[in-house]
Amino acid sequence: MSSTASKKSLNINNINPHVKEAKYAVRGELAIKSEEYRAKLRKLKQEGPPTPPTDSGLPFDTVISANIGNPQQLDQKPITFFRQVLSLLEYPNLLDHDDVLLQHLDYKQDAVDRARWLIKEIGSVGAYSQSTGVPAIRESVAKYIERRDGFPADPSNIYLSAGASSGVNTLMNVMCANEKVGILIPIPQYPLYTATLSVLNARCCPYYLDEASGWGTDMETIKKSYEDAKANGTDVRAIVVINPGNPTGASLPRSDIESIIKFAAENQLVVMADEVYQTNVFIGEFFSFKKVLRELQRDNPGKDGQEGPYDHVELASLHSISKGMVGECGHRGGYFELIGFDKEVTEQIYKFISIMLCPPVIGQCAVEMMVNPPKEGDPSWELYHKEYTGIAEGLKTRATALYKAFKEMEGVEISEPQGSMYLFPTIHIPEKAQKAAEEKGKKPDEFYCLELLDATGICVVPGSGFGQKPGTLHFRTTFLAPGTDWVGRITKFHKEFLDQYR
Ligand SMILES: Cc1ncc(COP(=O)(O)O)c(C=O)c1O
């Protein structure tokens, strides 16, 4: 350590303490370690001649990043139509050579037409757009929502964003007026929510999801959590719901959604519906909050010129290009739709997003294609459909393979995967292993995941990173990695781990 006083303005003791408090396990210690392993293996390969895996000193020759829903990092191929259009937007001079595009480079006429239309609407993708996004793209989003829900959507209620994360950040910044404000957050949850609340020095009011009912929402639990928060002096402003769930993989039945809206209506809470996995549904059907809200409003009209019981509900629903079969998370595109918000509040939301100028314009264009993909009969349809269904089937196959493997494993309990990109099994960790964890200063689930990484190269996230009921332990894995042989690596590790610590 240097004896001279530091000349730096910033040190760990004088930066924003709320940033230090925020936790985001998805990219935490395990992810960093897995990247070190990956770099080590890559270096050995580059130094060639080909070395057997043992030369690395590691008992595996590949690292599997099952810690993060990052589809294209894990070999999911981009959808051709999307990339063809984006390539033309980035380099419009290509549009002077239709013949080359169509005859030699496999572009289809509808991709060329879409790019021309977007350029006409946007100008250059290198220019800032309006703060809420390109008007024509917001119109496409509104039409998509109308087709999805069967109820009108107003483009002026659509805010394009740099992924759903940016939308969540905007909404939470606006809602969290002071340190007494709290938001009901499902536990387990995607840690964006708790981390953002920490940064804003606002309160997380946790409500546990019900593992026994496939991670559904239990209204009694939510009510209790709300009452407890109020009793602590918390000014509860909103309830977050992630549907389909991360990390749970649950897809909520319509009745759960209806109950949440009714509860929000009674208690004047904003509903924040994180619906980024809306196309990742294997079992049952996706019900959007917007549709259920509109049905409730339609079926319960106000009488004698009065408002109906659900007319005042404020709903923010978020979607993204990052997930689903699109998987374009690196392009940072998404949107949120606001229903029922006070005009003066939306003006402040508009100002807040204006401070960031605009979401990435290429990401906005990817949103346009997500909500308005090729239709049956269009020249690009056949390939688009083949690619889209191929990705969807691959996800389902891998989810099922993992689910079956977990079901067979001793001391592991797992709900059937219904949607999203994750499985979140319960693990029972023997006492001896819990002691070993304690000696290393780790939580038992962290210890398990670190051992799994060291033994197999597979990186998953301990349940403690998402929150879990006291006394229970889990881990979350994505099922995005190609093939299913890595599932065998987990099974083998798990057996050896139990044998070691029995
Ligand atoms: C539930 C949930 N919401 C939001 C996000 C953030 O998505 P985006 O890439 O659109 O910011 C994620 C990413 O994994 C997520 O799982």
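**Exercise 1. In which loop is proline 244 found, and which peptide bond leads into it?**

Step 1. Proline 244 is found in the loop between strand 5 and helix 10 (254-267). Helices (H or I, at least four residues) and strands (E, at least two) are DSSP runs, numbered from the N terminus.

Step 2. The peptide bond from asparagine 243 to proline 244 is cis, with omega near -10 degrees.

Step 3. A second cis bond runs from isoleucine 187 to proline 188, with omega near 0 degrees. Proline 188 lies in the loop between strand 3 and helix 8 (192-199).

Step 4. The loop between helix 8 and strand 4 holds asparagine 201. Phi of asparagine 201 is near 55 degrees, a positive value in a residue other than glycine. As background, most residues other than glycine have a negative phi, and most peptide bonds are trans.

The model is predicted: local features need pLDDT of at least 70, side-chain atom pairs count only at pLDDT 80 or more, and totals for chains, interfaces and linings use all residues. Residues are numbered from 1 along each chain as its sequence is written.

**Exercise 2. Give the strand order of the sheet of 7 strands and say which strands stand at its edges.**

Step 1. The order in this open sheet is 2-8-7-6-5-3-4, and the pairing is mixed. Two strands pair if DSSP finds at least two bridges between them.

Step 2. Strand 2 (158-161) and strand 4 (203-208) each have a single partner strand, so one side of each is left without a neighbour in the sheet.

Step 3. From one strand to the next, the twist averages 20 degrees. Angles run from 0 to 180 degrees between N-to-C directions, and axes are lines fitted to C-alpha atoms, for helices over the stretch in contact.

Step 4. Strand 5 (residues 235-242) pairs with strand 6 (residues 270-274) in the parallel sense over 5 bridges. The bridge partner of valine 241 is alanine 273 in strand 6.

**Exercise 3. Which strands do helix 9 and helix 11 touch or lie across?**

Step 1. Helix 9 (residues 219-231) lies across strand 3 (181-187), strand 4 and strand 5, and runs at about 155 degrees to strand 4.

Step 2. Helix 11 (residues 289-299) packs on the sheet and touches strand 6, strand 7 (315-320) and strand 8 (334-339). The direction of helix 11 makes about 150 degrees with that of strand 7. Contact is counted where the C-beta atoms of two residues, placed from the backbone, lie within 7 Å.

**Exercise 4. Describe the sheet of 3 strands.**

Step 1. This open sheet has the order 10-14-13, with antiparallel pairing.

Step 2. Strand 10 (422-423) and strand 13 (461-462) are the edge strands, and each pairs on one side only.

Step 3. Strand 13 and strand 14 (residues 475-478) pair over 2 bridges in the antiparallel sense. Phenylalanine 475 in strand 14 stands opposite proline 462.

**Exercise 5. Which residues come nearest to the ligand, and which helix gives the most to the shell around it?**

Step 1. Of the 14 residues around the ligand, Gly163, Ala164, Ser165, Ser320 and Ser322 come nearest. A residue is near a molecule or strand if its C-beta atom, placed from the backbone, lies within 6 Å of it.

Step 2. Helix 7 (residues 163-175) gives the most to this shell, with 3 residues.

Step 3. By class, the shell has 6 nonpolar, 7 polar and 1 charged residues. Ala, Val, Leu, Ile, Met, Phe, Trp, Tyr, Cys and Pro count as nonpolar, Asp, Glu, Lys and Arg as charged, and the others, Gly among them, as polar.
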